[in-house]
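User: Please take a close look at one strand of this model and the strands it pairs with. Then add what you can about the pocket.

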Amino acid sequence: MYTPPFFKQDRAASLKFADTRGFGTMCAFDGHKPIASPIPFYLTYAADGTPQAAFHVARHNPLLKLADGTASWLLAVNGPDAYVSPDWYVSPDQVPTWLYQSVHLTGPVRLLSDGELAVQIDTLSDKFESWLLPKKPWTSAKMTAGRLEALKKGIVGLVMTVEEVEGSFKLNQHKSDADYTAIANALGAQAHADARAIAQLMQDVRPEAFASETNMLERSAP
């Protein structure tokens, strides 16, 4: 991933973002063309601390033929994104741009055993059911054994050993406080949820810029 220094994220922040998001696009190359599938996943760690991305796909997914445990795959995990109009800047002579969060995880992928798949199904559902609290979490135990086994036959578990972590959070960090706050305020006023999410992220990254803005407003008040 091309990442200018202003936007580059460290390994820990990138892994935390990917794990929190839990959804991405898994990509591989079959020798002729890219193959990709959107997948939910969770991160786990080997005994030596190596990150692993666990997921599963339908048994007929063409990705399965490429899971040889040696070829490197790419898991692209994206967060909110938003278009920025040049008209929103305080400074003149600006150009349109796009703000976003993105993390790429790369590494070889291997098949899981049936026992590993059973653990993965429960771990994956536990992760996302926790988002719905206080709803009582769904578990596979609510299904009849026959139905669960039949559905498991239609999927195959996989795990990526993450060898490389790349993170790019483009939030206009290189802009002046005046331009930075102007863009964040403009995005915060948009109807699109992603635009408002980017605005909040910008405030979280540089709260001091908004504190300066508040102080200036207070000093200019009659």
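Analyst: Two strands count as paired here if DSSP finds at least two bridges between them. The model is predicted, and the strand taken up below is β2.

Strand β2 covers residues 23-29, and seven bridges join β2 to strand β3, residues 34-40. These two strands run antiparallel. At one end of the pairing, F23 of β2 has P40 of β3 as its bridge partner. β2 and β3 form a hairpin with four residues between the strands. Within this hairpin G31 takes a positive phi, near 100°.

β2 also pairs with strand β6, which spans residues 72-84. This second pairing is antiparallel too and holds three bridges. Here T25 stands opposite A76 in β6. β2 thus has bridges to β3 and to β6.

As for the pocket, the largest one has a volume of about 160 Å³. The elements that give two or more residues to its lining are α2 (114-129), α3 (145-152) and β8 (155-161). Of the elements, β8 gives the most, with three residues. The lining includes I155, V156 and G157, along with D114 and L117, and E149 and K152. R59, L111, L112, S113 and K153 are also among the lining residues. By residue class, the lining divides into five nonpolar, two polar and five charged residues.

Definitions and conventions: Residues are numbered from 1 along each chain as its sequence is written. This is a predicted model: local features need pLDDT of at least 70, side-chain atom pairs count only at pLDDT 80 or more; totals for chains, interfaces and linings use all residues. Side-chain values use heavy atoms; hydrogens and water are left out. On a 1 Å grid over the protein atoms alone, a cavity is a set of points where a 1.4 Å probe fits but cannot get out, and a pocket is an open set with protein on both sides within 12 Å along at least five of seven lines; lining residues have an atom within 4 Å of a point. Grid points are joined across faces, edges and corners, and a volume is the space filled by probe spheres set on the points. Ala, Val, Leu, Ile, Met, Phe, Trp, Tyr, Cys and Pro count as nonpolar, Asp, Glu, Lys and Arg as charged, and the others, Gly among them, as polar.
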